[in-house]
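Morning, everyone. Please bring the structure up on your screens, and I will walk you through it.

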Amino acid sequence: MCAPVMPRLAVTPLTSAQPAGIGAVAVWGLEAGERMRRWFPRLAREPVVVARIEDGRAGVVDEVVAFCVPPEHAPTGREEGEIDFHGGGVARARVCAFLAARGAEEVPPESYAARALGLDGAAREALAMLPGAVTAAQAAFLLRQVRGELRREIAALRGLGDRDCARGLDALLSRARAGIALAAGIRVLVVGPVNSGKSTLVNRLCGAVRSIVSEVPGTTRDLLEAPGRIEDYPATFIDSCGLAATPNTIEALGEARLRAEIPRADCVLCLGIDPPALPARPGAALVLGPKADLGGACPAGALPVSGKTGLGIEALKAAILAVVCEGHDRSMPAPFTNRQRGLLSAAAGKLAGGDRKACDALIEEATA
Ligand SMILES: Nc1nc2c(ncn2[C@@H]2O[C@H](COP(=O)(O)OP(=O)(O)OP(=O)(O)O)[C@@H](O)[C@H]2O)c(=O)[nH]1
Ligand SMILES: [Mg+2]
């Protein structure tokens, strides 16, 4: 494997392009410290400066906070700079353009994380995911991973006897679903017959009117994604076309898209139908009794809900999290990527087969 090359000067956004309270970029590379002190001369005397950055023609770019990060605290292991600014997308774009005009190569978070030589593999994965965080708990969780939480847990497995190591691996694996859901978010797909209340339910779950609702059967023709959250977990709620008994051409196209989406969903909400009636097999499904406010019969074992009145919605959210996290304790999420889960599960398999050496190698790889 080639060692990643350190650029002369680079800029990487540390926060998402979505509007936020504050935005931040890392200025890094061989000349980062020297350039920061050239752009913000007071940094030679003061640890943190508040300054206005100006672009000759365009005027004030933003009022910023700038500081240098010493090598021992910098992910790349060399002195870096950080510039914090107001968190709008325009401010972020203008600060990056300002730095690019002064020779900084724009490098995306994944590549910055890949060159974060001071970090282990799991911490680099968390660093690359951090700018996409949409809930405070998700960001705090990823930051703990950048600081090596998983590495410490995995280190604790070393030196354990085989039986305790197997128990430790089982415990870690049981927490992986929650970790992956918190780090990457949950996809919740809503399916059911035409006019069963899918769009109304999606709007209720995401807390905004994203999807058109009408009494006309066949209103929704396509998949529609609505961002939201369930507790601290970022969630994407997906509305779909109704399953018609005899689909016309457009409905058949909508159904084909739905078929492709079902295996990607972490949880499929089936409104008044059983999962076997779906056009593809879901990993996890919940059967709901929709329009429960009307007091009609609810299928046996189904969760009664009403998108219109909110009846049963809190219970539904709890049920979604239980399904997604496979009923495991959610208080200690991690591991948090499918890669880590795959390696730890393979390690458990090797241990069960009596190959401790191969098990240890796979455990190491999870955070290498
Ligand atoms: N009483 C009651 N009416 C509801 C509820 N949910 C939806 N409706 C009504 O049922 C009709 C259809 O609702 P939609 O949410 O558009 O249903 P849909 O499943 O998305 O329909 P299609 O997109 O056409 O497949 C509308 O008139 C809604 O107002 C509910 O929980 N209770
Ligand atoms: Mg609809």
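One definition before we start. When I sort residues by class, Ala, Val, Leu, Ile, Met, Phe, Trp, Tyr, Cys and Pro count as nonpolar. Asp, Glu, Lys and Arg count as charged. The others, Gly among them, count as polar. Keep that in mind for the pockets. And note that this is a predicted model.

Let me use the definition straight away, on the second largest pocket. Its lining has eleven nonpolar, twelve polar and five charged residues. The volume of the second largest pocket is about 420 Å³. It is lined by 28 residues, and the closest to its centre are Asn195, Ser196, Gly197, Thr200 and Lys291. Which helix gives the most to this lining? Helix H9, residues 198-206, with four residues.

Now the largest pocket. Its volume is about 970 Å³. In its lining there are 34 residues, and Leu14, Thr15, Leu127, Leu130 and Leu143 lie nearest the centre. Three elements give two or more residues to that lining: strand S2 (22-28), strand S5 (80-86) and helix H5 (136-146). By class, the lining divides into 21 nonpolar, eight polar and five charged residues.

Let's step back to the whole protein. There are 368 residues, and 46% of them count as buried. The secondary structure comes to 13 helices and twelve strands. Along its principal axes, the C-alpha trace spans about 75 × 65 × 35 Å. Now take the contacts between residues at least 6 apart in sequence: 57% of them join residues at least 24 apart.

Next, two helices. Start with H7, residues 162-174. At 1.5 Å a residue, its 13 residues should span 18 Å, and the end C-alpha atoms are indeed 18 Å apart. Which residues of H7 are buried? Cys165, Gly168, Leu169 and Leu172. Seen down the axis of H7, these buried residues fall within an arc of 100°, so they line one face of the helix. The spacing has a simple background. An α-helix has 3.6 residues a turn, so residues three or four places apart point the same way. On the other side of H7, Arg163, Arg167 and Asp170 are exposed. And what covers the buried residues? The cover includes helix H6 (149-155), helix H8 (176-184), helix H12 (338-352) and helix H13 (356-367).

Second helix: H10, residues 249-261. It has 13 residues and reaches 19 Å from its first C-alpha to its last, close to the 18 Å expected. Its buried residues are Glu251, Gly254, Glu255, Leu258 and Glu261. Down the axis of H10, they fall within an arc of 110°, so they too line one face of the helix. Thr249, Leu253 and Ala260 are exposed on the other side of H10. The buried residues of H10 pack against strand S7 (186-191) and strand S9 (233-239).

Stay on strand S9, and find Asp239 there. Is Asp239 buried or exposed? The cut-off for buried is under 20% relative accessible area. Asp239 has 0% relative accessibility, so it counts as buried. Leaving aside neighbours within four places in sequence, its contacts include Val190, Lys198, Ser199 and Val202. Asp222, Leu223 and Leu224 are also among them. Asp239 and Arg221 are 18 residues apart in sequence, and their C-alpha atoms are 9.5 Å apart in space.

Now a loop residue. Ala116 lies between helix H3 (109-114) and helix H4 (121-129). Ala116 counts as buried, because its relative accessibility is 0%. Not counting residues up to four places away in sequence, Ala116 touches Pro75, Thr76, Arg124 and Leu127. Leu127, you may recall, is one of the residues nearest the centre of the largest pocket.

Last, some backbone details. Most residues other than glycine have a negative phi, and most peptide bonds are trans. Here are some exceptions. The peptide bond from Ala334 to Pro335 is cis, with omega near 10°. Pro335 lies in the loop between helix H11 (313-324) and H12. Glu326 is in the loop between H11 and H12. Phi of Glu326 is positive, near 50°. Glu231 also has a positive phi, of about 50°. Glu231 is found in the loop between strand S8 (224-230) and S9.

That's the tour. Over to you.

Key: Residues numbered from 1 in each chain as written. Chains lettered and ligands numbered in written order. Predicted model: local features only at pLDDT ≥ 70, side-chain atom pairs only at ≥ 80, totals over all residues. Heavy atoms only, no water. Expected span 1.5 Å × (residues − 1). Buried < 20%, exposed > 50% of the residue type's maximum accessible area, 1.4 Å probe, protein only. Arc of directions from axis to C-beta. Contact = heavy atoms within 4.5 Å. 1 Å grid on protein atoms, 1.4 Å probe; cavity = no way out; pocket = protein on both sides within 12 Å on 5 of 7 lines; lining within 4 Å. Points joined across faces, edges and corners; volume = space filled by probe spheres on them.
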